[in-house]
Amino acid sequence: MSKILAALLLLAMCVQLIKPFGLPGLRQRRDFWKIAVFAIAVMMVTVLVRP
């Protein structure tokens with residue numbers, strides 16, 4: 001599951017670079033780093049929750 005999540009977030013970052021989503025906070029191409037910060041936070045939570 002974590003590999004699928006990582007792949008989806010990587011795909012979202014690539015799409016953001018090509019055509020920005022237009023959501024608040026993601027209106028410009030250079031905002032792709034916000035998706036990366038979110039991805040790192042999600043991965044940290046995944047590691048903490050795992051037994």
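The following legends describe close-up views of a predicted model of a protein.

**Figure 1. Overall architecture of the predicted model, a protein with two helices and zero strands.** The C-alpha trace spans about 40 × 15 × 15 Å along its principal axes. Of the 51 residues in the protein, 18% are buried. The protein exposes about 4200 Å², and carbon and sulfur atoms supply 77% of that area. Among the contacts with a separation of 6 or more, 27% are accounted for by residues 24 or more positions apart.

**Figure 2. Packing of helix α1 against helix α2.** Helix α1 comprises residues 2–18 and helix α2 comprises residues 32–49. The two helices pack at an angle of about 170 degrees, and their axes lie 9 Å apart. Angles over 145 degrees count as roughly antiparallel, and α1 is therefore roughly antiparallel to α2. From α1, the residues Ser2, Leu5, Ala6, Leu9, Ala12, Met13, Gln16 and Leu17 take part in the contact. Their counterparts in α2 are Phe32, Ile35, Ala36, Phe38, Ala39, Val42, Met43 and Thr46. By class, the residues of this contact of α1 with α2 divide into 13 nonpolar, three polar and no charged.

**Figure 3. The largest nonpolar core.** Six residues form this core: Leu9, Ala12, Met13, Leu26, Ile35 and Ala39. The elements that contribute two or more residues to the core are α1 and α2. Helix α1 supplies the largest share, three residues. Ala12, one of the core residues, is in contact with Phe21 and Ile35 when its neighbours within four places in sequence are left aside. Ile35 is likewise listed in the core, and Ile35 also belongs to the α2 side of the contact between the helices.

**Figure 4. Surroundings of Met43 in helix α2.** Met43 has a relative accessible area of 26% and is therefore partly exposed, since values under 20% would count as buried and values over 50% as exposed. Not counting residues up to four places away in sequence, Met43 touches Ser2, Leu5 and Ala6. These three partners are listed among the α1 residues that meet α2. Met43 and Ala6 are 37 residues apart along the chain, yet their C-alpha atoms are separated by 8.2 Å.

**Figure 5. Surroundings of Val15 in helix α1.** With a relative accessibility of 33%, Val15 counts as partly exposed. Leaving aside neighbours within four places in sequence, Val15 is in contact with Pro20 and Phe21. Phe21 is also a contact of Ala12 under that exclusion of sequence neighbours. The separation between the C-alpha atoms of Val15 and Gly25 is 15 Å, for two residues that lie 10 residues apart along the chain.

**Figure 6. Asp31 in the loop between α1 and α2.** The relative accessibility of Asp31 is 10%, so Asp31 counts as buried. Beyond the neighbours within four places in sequence, Asp31 is in contact with Gln16, Gly25 and Leu26. Of these partners, Gln16 is one of the α1 residues that meet α2, whereas Leu26 is a member of the largest nonpolar core.

**Figure 7. Gln28 in the loop between α1 and α2.** Gln28 has a relative accessibility of 37% and thus counts as partly exposed. When residues up to four places away in sequence are not counted, Gln28 touches Gln16 and Pro20. Gln16 is also a contact of Asp31, and Pro20 is also a contact of Val15. Gln28 and Val49 are 21 residues apart in sequence, and their C-alpha atoms are 33 Å apart in space.

Technical notes: Residues numbered from 1 in each chain as written. Predicted model: local features only at pLDDT ≥ 70, side-chain atom pairs only at ≥ 80, totals over all residues. Heavy atoms only, no water. Axes fitted to C-alpha atoms, helices over the stretch in contact; angles between N-to-C directions. Helix = DSSP H or I, 4+ residues; strand = E, 2+ residues; numbered from the N terminus. Parallel < 35°, antiparallel > 145°, perpendicular 65-115°, else oblique. Contact = heavy atoms within 4.5 Å. Nonpolar A, V, L, I, M, F, W, Y, C, P; charged D, E, K, R; others polar. Core = buried A, V, L, I, M, F, W, Y, C linked by side-chain atoms within 4.5 Å. Buried < 20%, exposed > 50% of the residue type's maximum accessible area, 1.4 Å probe, protein only. Areas by Shrake-Rupley, 256 points an atom, 1.4 Å probe, with all protein chains shown as cover.
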